[in-house]
Amino acid sequence: MTGLVSAPVSGLKGDIGVPGDKSISHRALMIGGMAVGETTIRGLLLGDDVLRTATALEAMGVSIKRDSDDVWRVWGVGVGGLQEPDDVLDLGNSGTGARLLMGLVATHPIQVQFTGDASLRSRPMGRIATPLGQMGTQVIARDGDKMPLTVIGARMAMPIEYKLPVPSAQIKSAVLLAGLNTPGETSVIETRPSRNHTELMLRHFGATLTVTDEAPDRRVITLTGQPELESKEVIIPGDPSSAAFPLVAALITPESEITIKNIGLNPLRIGMIDTLREMGADIDVTGARDQAGEPVADLVVRTSQLKGVTVPPERAPSMIDEYPVLAVAAAAADGVTRMRGLKELRVKESNRLAAIADGLTACGVGVEIEDDDLIVTGAPASIPGGAQIESRMDHRIAMSFLVLGMTAKQPVAIDDSHHIATSFPSFVGLMKGLGADIKENS
Ligand code: S3P
């Protein structure tokens, strides 16, 4: 367990790129693994979460080779071609890896055991088991909906139309991936659109998938089952959820100006940028371009005096992973920021609502939870800091509080930095390169 401590700094400067998008990396491996022939992937995130997905796919017959840091080659088994693994699949800390793979294997006539670390074993899996059950898959889980669990794949899978009970790209993707080896049409209905990387990637590999906005609160996504997926080249943009950490750091430390290059700006992922701009953030988006079906650009970010805003609940799916670091930005803003409708934050890698509130309180910031809303009272240039924060096996909690330490009066420490490697292994090095003062804390 390595603790870290982050001290106040000013003048963050430089150009950086952040690692590949975690969501897209998982999908590139999984969908490449279902294609026939050799898929090449550039920009894959080398985070523990994604490497666990690669190992799990290999255990089911997909051949995966890393040529150099930047090119991965995947030889898929074809839709329906996964083999029963001869051991338990351990997805570590990765909810996305676990849930999407449950969907992928669900319509293969195989039996697969899944487990993960203590954080993943505490997260609800019933939300995936329910639609898979309707397709004919059996899921036997500890305590009804927790890992370890066994997926007994359907021998004759049935297509379903499934209305998401919560806005979740993981549930949507699990159903669509299960629909791959299901005859007929599998549909998912969303009331609030969530990230659409699975849909884009399936189409990129040649699947027939339609998206119809039948009403403002009814988007229907339909996949035609049993396609023949063709191998492809995939280029993965920088992860906007990782970019959010240096972005907020530059905004809230004095005299900073940084450029974050090659960031994916899929419209369903940019709620954070919209919100920060409403708060008064100086963020220029330059060099906007299309990269393998995903919009990409560079972000130029300068120190800004932020002001409190209300973030509407409808925006949550487009920035669901950014609330911990948005709360840090809110702590440095003038006035009150109310982030509404954050129920889903309770079931992330940790209970993030509680983790943010406890951490900010320990650092002397005014914070309240009212139902599912998080309310932060900013203290520009006067956040006391000087606390040690529990990371709770949650990478985004760990990184958020290191960012807070950069603007507090006294350094902020985290007890364990280990999980940062799940999504952003180069975080500390990149931040130090910009001028951050982060050290080991024994
Ligand atoms: C993800 C979806 C989100 C997000 C997670 C990645 C994905 O989870 O929090 O980090 O890649 O589909 P939910 O779908 O459960 O909201």
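This is a walk through a predicted model, from its ligand site outward to several helices and loops.

Start at the ligand. It sits in the largest pocket. Its surroundings are made up of Lys-22, Ser-23, Arg-27, Thr-96, Ser-168, Ala-169, Gln-170, Arg-195, Ile-320, Asp-321 and Lys-348. Helices H1 (22-33) and H6 each give at least two residues to this shell. H1 supplies the largest share, three residues.

Now look at the polar atoms. A ligand oxygen lies 2.6 Å from an N or O atom in the Asp-321 side chain. For Ser-23, the distance from a side-chain N or O atom to a ligand oxygen is 2.7 Å. Lys-348 also places a side-chain N or O atom 2.7 Å from an oxygen of the ligand. Taken alone, the ligand exposes 380 Å², and the protein buries 96% of that.

Move on to helix H10, residues 323-331. Nine of its nine residues are buried, so the helix is largely enclosed by the rest of the structure. The buried residues run from the aromatic ring of Tyr-323 through Pro-324, Val-325, Leu-326, Ala-327, Val-328, Ala-329 and Ala-330 to Ala-331.

Helix H5, residues 126-134, is the next stop. Its buried residues are Gly-126, Arg-127, Ile-128, Ala-129, Pro-131 and Leu-132. These pack against two helices, H3 (95-106) and H6, and against two strands, E8 (138-142) and E10 (161-163). Just after H5 comes Gly-136, with a positive phi of about 110°.

H6 has now appeared twice: in the shell around the ligand and in the packing of H5. Follow the chain out of this helix. Thr-182 lies in the loop between H6 (169-180) and strand E11 (185-190). Is Thr-182 buried or exposed? Its relative accessibility is 0%, so Thr-182 counts as buried; the cut-off for buried is under 20%. The Thr-182 side chain reaches back to the backbone oxygen of Ala-178, at 2.8 Å. Beyond its neighbours within four places in sequence, Thr-182 is in contact with Thr-107, Met-135, Ala-157, Met-158, Pro-159, Gly-225 and Gln-226.

Two further loops flank strand E14. Ser-231 is in the loop between strand E13 (218-224) and E14 (233-235). With 26% relative accessibility, Ser-231 counts as partly exposed. A polar atom of the Ser-231 side chain lies 3.5 Å from the backbone oxygen of Glu-38. Glu-38 is also among the contacts of Ser-231, as are Ala-35, Val-36, Gly-37, Thr-39 and Phe-205, with neighbours within four places in sequence left aside. For a sense of scale, take Ser-231 and Leu-360: they are 129 residues apart in sequence and 47 Å apart in space, C-alpha to C-alpha.

Gly-238 is found in the loop between E14 and helix H8 (240-252). How does its relative accessibility class this residue, as buried or exposed? The value is 2%, so Gly-238 counts as buried. Gly-238 touches Val-18, Pro-19, Gly-20 and Asp-21, along with Asn-262, Ile-263 and Gly-264, not counting residues up to four places away in sequence. Gly-238 and Ala-355 are 117 residues apart along the chain, and their C-alpha atoms are separated by 26 Å.

Conventions:
Residues are numbered from 1 along each chain as its sequence is written. This is a predicted model: local features need pLDDT of at least 70, side-chain atom pairs count only at pLDDT 80 or more; totals for chains, interfaces and linings use all residues. Side-chain values use heavy atoms; hydrogens and water are left out. Helices (H or I, at least four residues) and strands (E, at least two) are DSSP runs, numbered from the N terminus. Buried means under 20% relative accessible area, exposed over 50%, partly exposed in between (1.4 Å probe, protein chains only). A polar contact is a pair of N or O atoms within 3.5 Å; within protein, one must be able to donate a hydrogen and the other to accept it, and residues adjacent in sequence count only if both atoms are side-chain atoms. Contact means heavy atoms within 4.5 Å. A residue is near a molecule or strand if one of its heavy atoms lies within 4 Å of it. Accessible areas come from the Shrake-Rupley method with a 1.4 Å probe; for residues, only the protein chains shown count as cover. On a 1 Å grid over the protein atoms alone, a cavity is a set of points where a 1.4 Å probe fits but cannot get out, and a pocket is an open set with protein on both sides within 12 Å along at least five of seven lines; lining residues have an atom within 4 Å of a point. A molecule sits in a cavity or pocket if more than half of its atoms lie within 2 Å of its grid points.
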